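This report goes through one protein structure, starting from a helix and working outward to the sheets and the core. Please keep the sequence and the coordinates at hand while reading.

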Amino acid sequence: MSGSRFTIRTRAVLATTVGCLAAASCGTTASQPASQPAPAAPPATSAPISASSPATDVAAPEPTAPEPTTVTPTAVTPTAGPSTTVSPTPTGPPEFSAKVSRVPRERLEYSWRPGCPVPVSDLRLITMTYWGFDDKPHTGELVVNKAATDDIVSVFHRLYEWRWPIYKMRLVDAYKADDYASIDADNTSAFNCRPAEGSSSWSKHAYGLAIDINPRENPYIYTNGTGSHKNASKFFKRPVRAPGVINPGDRVVKAFQQKGWEWGGYWSGIKDYQHFSKGGN
Ligand SMILES: [Zn+2]
């Protein structure tokens with residue numbers, strides 16, 4: 001579990017992602033092979049036709065050769081349903097994979113509207129692997145602020161390496177942006193343009209700078225020590241030793257803290273054990 005290894009890998013992932021975004025070709029890689037000349041058996045005498053031979057020949061037809069791969073060796077299908085199981089490789093579970101792309105407006109049908117504090121163009125869709133409660137890899141989706149993608153991919157890479165389980169990871173739009181319904185379904189989600197709980201000001205979720213993780217195992221607790229979701233009652237107190245639970249000072253809290261994200265479990269008064277936000281609140 002070397003930290004530097006994660007960092008390097010994550011940087012590589014992000015670098016590729018940035019390249020992908022810059023090339024405006026994200027999400028289209030599945031169709032790319034069709035546009036490339038089949039590399040099969042070049043004739044021995046070979047008049048070099050290849051667009052792939054680097055820069056030596058006559059008029060290279062494509063001046064901007066796209067990056068040959070998307071993100072990681074085992075890129076998953078980004079449009080697969082949220083609880084789709086990722087096929088394991090013959091040697092074990094697939095590597096962590098994350099893809100960052102712009103969010104089509106229609107994916108935010110319920111969670112974004114005009115007047116929200118952040119425009120859709122500042123949000124990003126992260127499609128990535130996570131480890132499930134069923135002890136299998138899955139593909140999930142999160143929407144976050146574009147300024148948060150690096151942090152989130154880095155932390156979730158670590159969670160995956162730890163096999164730290166996440167119950168479900170779908171956009172809150174799958175619940176019509178109803179926070180209560182998403183929590184009741186134990187869904188991990190981030191962006192949602194809504195006010196803070198019990199307040200008229202925007203939540204950090206409205207900026208895509210907050211995330212709620214396993215909200216059943218990590219409930220929101222009122223000052224009287226109870227929560228509003230009955231299915232979470234056995235998780236009202238800390239510490240709790242159970243899968244997917246975040247406890248004070250544990251490695252999940254530390255992983256977020258290292259990126260400047262604060263845990264709602266440290267708030268005084270009410271506790272929000274599921275909640276991490278960039279810079280607090
Ligand atoms: Zn939250």
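## Helix H2 and its surroundings

The buried residues of H2 are Thr149, Asp151, Ile152, Val153, Ser154, Val155, Phe156, His157, Arg158 and Tyr160. The model is a predicted one. With ten of its 14 residues buried, H2 is mostly covered. At 1.5 Å a residue, the 14 residues of H2 should span 20 Å, and the separation of its end C-alpha atoms, 20 Å, agrees with this. Arginine 163, just after H2, takes a positive phi of about 60°.

## The sheet of E1, E2 and E3

E1, E2 and E3 form an open sheet of three strands in the order E1-E2-E3, with antiparallel pairing. The edges are held by E1 and E3, each with a single partner strand, so one side of each has no neighbour in the sheet. From one strand to the next, the twist averages 20°. H2 packs on this sheet and touches E1, E2 and E3, its direction making about 5° with that of E2.

Strands of a sheet pair through backbone hydrogen bonds, in parallel or antiparallel fashion. Here E1 and E2 run antiparallel and are joined by five bridges, while nine bridges join the antiparallel strands E2 and E3. The table gives residue pairs from these two pairings and one from the pairing of E4 with E8.

| Residue | Opposite residue or bridge partner | Strand named |
|---|---|---|
| Alanine 98 | Methionine 128 | E2 |
| Threonine 127 | Glutamate 141 | E3 |
| Threonine 129 | Threonine 139 | E3 |
| Alanine 210 | Serine 277 | E8 |

The hairpin of E2 and E3 has five residues between the strands, and in it aspartate 135 takes a positive phi near 65°.

How is strand E2 placed relative to the rest of the structure? Nine of the nine residues of E2 are buried, so the strand is largely enclosed by the rest of the structure. Leu123, Leu125, Thr127, Thr129 and Trp131 point one way from E2, whereas Arg124, Ile126, Met128 and Tyr130 point the other way; all of them are buried.

## The largest nonpolar core

The largest nonpolar core has 48 residues, and the members that touch the most others are Ile126, Val143, Val144 and Ile152. At least two residues each come from strand E1 (98-102), strand E2 (123-131), strand E3 (137-145), helix H2 (149-162), strand E4 (210-212), strand E5 (220-221), helix H4 (251-257) and strand E6 (261-263). E2 gives the most to this core, namely six residues.

Leaving out residues up to four places away in sequence, isoleucine 126 touches Ala98, Val100, Glu141, Leu142, Val144, Thr149, Ile152 and Val153. Isoleucine 126 points from E2 to the side shared with Arg124, Met128 and Tyr130.

## The sheet of E4, E8 and E6

Another open sheet of three strands has the order E4-E8-E6, and its pairing is antiparallel. E4 and E6 are the edge strands; each has a single partner strand, so one side of each is left without a neighbour in the sheet. The twist in this sheet averages 20° from one strand to the next. E4 and strand E8 (residues 275-278) run antiparallel and are joined by three bridges.

## Tyrosine 207

The loop between helix H3 (179-184) and E4 contains tyrosine 207. Is tyrosine 207 buried or exposed? Tyrosine 207 has 22 C-beta neighbours inside 10 Å, and therefore counts as buried, since 20 or more are required. Its contacts, not counting residues up to four places away in sequence, are Pro117, Val118, Asn145 and Trp202. Phenylalanine 191 is 16 residues from tyrosine 207 along the chain, and their C-alpha atoms are separated by 6.8 Å.

## Confidence

The pLDDT of the protein averages 79, and 68% of the residues score at least 70. Over residues 1-82 the pLDDT is below 50, although this stretch has 68 contacts in the model beyond near neighbours in sequence. Where pLDDT is low, the predicted coordinates should not be read in detail.

Key. Residues numbered from 1 in each chain as written. Predicted model: local features only at pLDDT ≥ 70, side-chain atom pairs only at ≥ 80, totals over all residues. Core = buried A, V, L, I, M, F, W, Y, C linked by C-beta atoms within 7 Å. Buried ≥ 20, exposed ≤ 12 C-beta atoms within 10 Å, placed from the backbone. Helix = DSSP H or I, 4+ residues; strand = E, 2+ residues; numbered from the N terminus. Contact = placed C-beta atoms within 7 Å. Pairing = 2+ DSSP bridges. Axes fitted to C-alpha atoms, helices over the stretch in contact; angles between N-to-C directions. pLDDT = per-residue confidence, 0-100. Expected span 1.5 Å × (residues − 1).
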